[in-house]
Amino acid sequence: MGKVRLILVHGLIAIVLGGSAYDILTRQEHWPWSNYPMFAQVHRTSVLNWYRLYGVDDRDRELPLLKPAYLWPLDQSRLSIGLRAIAQEDGSGPRLREAVANALERYEDRRRAGEHDGPELRGMRLYSVQWDVVPYATNFESPSSRMLVAEVMRSGP
Amino acid sequence: MTRRLAMLPQAWLRFWFSPEPAASLGIGRLIFFTLLAFFYLPHDFSAWGTVSLAYWQPIWLFRWLHLPPLSPGAISTLQAIWKVALFGAAAGFLTRTSMAVVAVLGTYLLGLGHNFGQVYHFDAILVIAFWVLAFSRAGDAWSMDAWRRGSPAAASGEYRWPVQLILVTQALVFFAAGVAKLWTSGAQWFLSDHLALLLQRVQYHISDADPLVPWGSFIASTPLLYHGMALTTVVVETAYPLALFSRRLRAPLVVAGMALVVGIRALMGPTFEHFLFINVFWVPWHRLLRIADAGPARRTAPPVSSVQET
């Protein structure tokens with residue numbers, strides 16, 4: 001290997017390893033580097049708080065939107081964490097409503113395109129849901145509390 | 001002590017640049033990009049172009065480079081070029097160009113989703129591997145480029161450092177995960193009921209995909225099982241870098257690392273499947289080739305005794 005090439009390769013090694021070391025030592029994430037903190041924080045309580053979108057059909061029944069095909073590429077984890085982050089911003093109301101409206105539009109567009117077989121929706125509600133975690137999630141349908149965070153209903157017929 | 005310090009530069013050069021045949025890197029490239037090409041072939045990134053900007057929470061790289069979410073049409077074009085480049089890199093056709101395109105477009109396409117609410121860790125190491133390979137001479141063997149060129153490449157450090165850098169990066173991924181657990185929670189990570197709670201929580205559809213098997217609640221009801229699994233996880237993750245230096249520990253640690261990834265996917269949901277592809281670089285392909293080459297020769301050679309008789 002020539003000298004210039006050797007310097008170039010060492011530069012690349014320094015960037016790749018330096019990025020990893022920096023994130024590990026400072027406990028930060030700079031994608032594609034990371035300190036890989038997933039699941040690191042110990043849970044001390046069996047209470048689970050989660051932001052969840054519910055579809056509203058024409059008889060005002062609510063349906064938790066769980067199937068990945070409903071809102072793809074948005075998924076349960078990304079939606080909850082992303083929407084919570086938006087909700088915690090000052091004056092987040094209009095942005096949150098726009099996000100939920102986009103989810104409703106996405107659901108309906110995908111339903112009409114045959115990407116999923118869910119019912120037609122006339123609205124969507126974002127709740128902060130709380131469960132006391134039990135084996136096999138047998139209380140999934142009956143959370144201990146639900147708080148409405150945002151709501152969007154389609155206008156017209 | 002001084003003597004040992006004086007040996008460090010040599011050890012460093014040996015670790016990264018000992019001459020290796022081009023085959024290991026070449027076969028690693030071929031398998032790695034083939035797996036990725038088929039994995040991503042049905043994947044449509046253009047849907048990100050239809051997600052409202054209300055969700056846009058850019059990560060540092062996109063903020064720093066002022067990278068916007070493009071329109072669905074533009075993303076479709078980029079992903080078509082990227083997928084062709086993945087197959088090109090796998091086949092070793094215009095290898096350096098193909099791998100450079102894979103790295104540049106792959107950084108955008110794989111990074112795009114992380115700007116919409118959450119940063120996942122499934123594909124970060126793939127992007128780093130793209131860039132390492134883009135600077136490598138991975139097309140010097142087992143490629144259309146090498147076949148057209150004709151003359152085989154001589155052993156060189158050029159064929160070792162990319163593999164080593166990818167493996168060190170992977171070792172750091174596991175090590176970081178182990179350190180994060182110990183740093184954040186200490187021994188409580190495996191002494192408390194934390195893992196049991198985690199396994200119960202994911203039954204509530206909170207991950208990017210649901211667990212493949214519903215065994216989490218059973219494991220969560222068996223303290224010996226979940227404490228054992230938690231301790232094993234931390235030990236494997238923090239000890240993983242030893243795989244780089246110990247031949248004896250390499251296979252068990254690499255297999256244990258793969259089992260962790262499979263276990264997370266099966267019991268908890270996160271879709272880490274493509275993270276497994278990086279493991280192709282642990283295989284010493286040139287040694288396997290030598291064994292495969294020696295095999296038929298051994299089988300066809302007459303027994304020594306019969307040779308002596310004639």
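Okay, let's start in chain A, with an open sheet of 4 strands in the order β2-β1-β3-β4, paired antiparallel. The edges are held by β2 (62–64) and β4 (145–153) of chain A; each has a single partner strand, so one side of each has no neighbour in the sheet. On average, neighbouring strands here are turned by 30° against each other, if you ignore direction. Before I go on, please keep in mind that this is a predicted model.

Let's walk across the sheet, strand by strand. As a reminder, strands of a sheet pair through backbone hydrogen bonds, either parallel or antiparallel. How many bridges join β1(A) to β2(A)? There are 3, with β1 covering residues 47–56 of chain A and the two strands running antiparallel. If you want a spot to click on, take A:V56, which sits opposite A:E62 in β2(A).

Next step: β1(A) to β3(A). These two also run antiparallel, and 10 bridges join them. Look at A:Y54 here: its bridge partner in β3(A) is A:R125. Then comes the last pair, β3(A) with β4(A), antiparallel over 8 bridges. In that pair, A:L126 stands opposite A:A150 of β4(A).

So what lies across this sheet? Helix α4 of chain A, residues 93–112, lies across β1, β3 (123–132) and β4 of chain A. The angle that α4(A) makes with β4(A) is about 75°.

Now over to chain B. Two domains here: domain 1 is 20–159 and domain 2 is 163–284. Their C-alpha centres lie 25 Å apart. Where they meet, 16 residues of domain 1 of chain B are in contact with 16 residues of domain 2 of chain B. On the domain 1 side, the elements giving two or more residues are α2 (22–40) and α6 (124–134) of chain B. Which of them gives the most? That would be α2(B), with 8 residues. As for the chemistry, this side of domain 1 has 13 nonpolar residues, 2 polar and 1 charged.

Let me stay in chain B for a pair of helices. Helix α4 (residues 72–91) and helix α5 (residues 95–112) of chain B have axes that come within 8 Å and cross at roughly 140°. Because of that angle, α4(B) counts as oblique to α5(B). The crossing is left-handed. From α4(B), the residues making the contact include B:L78, B:W82 and B:L86; from α5(B), they include B:M99, B:V102 and B:L109. By class, the contact between these two helices has 12 nonpolar and 5 polar residues, and no charged ones.

Last topic: how the two chains meet. Here 58 residues of chain B are in contact with 50 residues of chain A. Which elements of chain B each supply at least two residues to the side touching chain A? They are α3 (60–64), α6, α8 (161–185), α9 (188–191), α10 (194–201) and α11 (216–220). The largest share comes from α8(B), with 13 residues. And the class split for chain B's side is 33 nonpolar, 21 polar and 4 charged.

One thing to take back to your screens: α6(B) turns up twice, once on the side of domain 1 that touches domain 2, and again on the side of chain B that touches chain A. That's it from me!

Technical notes: Residues are numbered from 1 along each chain as its sequence is written. Chains are lettered from A and ligands numbered from 1 in the order in which they are written. This is a predicted model: local features need pLDDT of at least 70, side-chain atom pairs count only at pLDDT 80 or more; totals for chains, interfaces and linings use all residues. Domain bounds come from an automatic or database domain assignment. Two residues are in contact if their C-beta atoms, placed from the backbone, lie within 7 Å. Ala, Val, Leu, Ile, Met, Phe, Trp, Tyr, Cys and Pro count as nonpolar, Asp, Glu, Lys and Arg as charged, and the others, Gly among them, as polar. Axes are lines fitted to C-alpha atoms, for helices over the stretch in contact, and angles run from 0 to 180 degrees between N-to-C directions. Angles under 35 degrees count as roughly parallel, over 145 as roughly antiparallel, 65 to 115 as roughly perpendicular and the rest as oblique. A crossing is left-handed if the near helix is turned anticlockwise from the far one by less than a right angle, and right-handed if clockwise. Two strands pair if DSSP finds at least two bridges between them.
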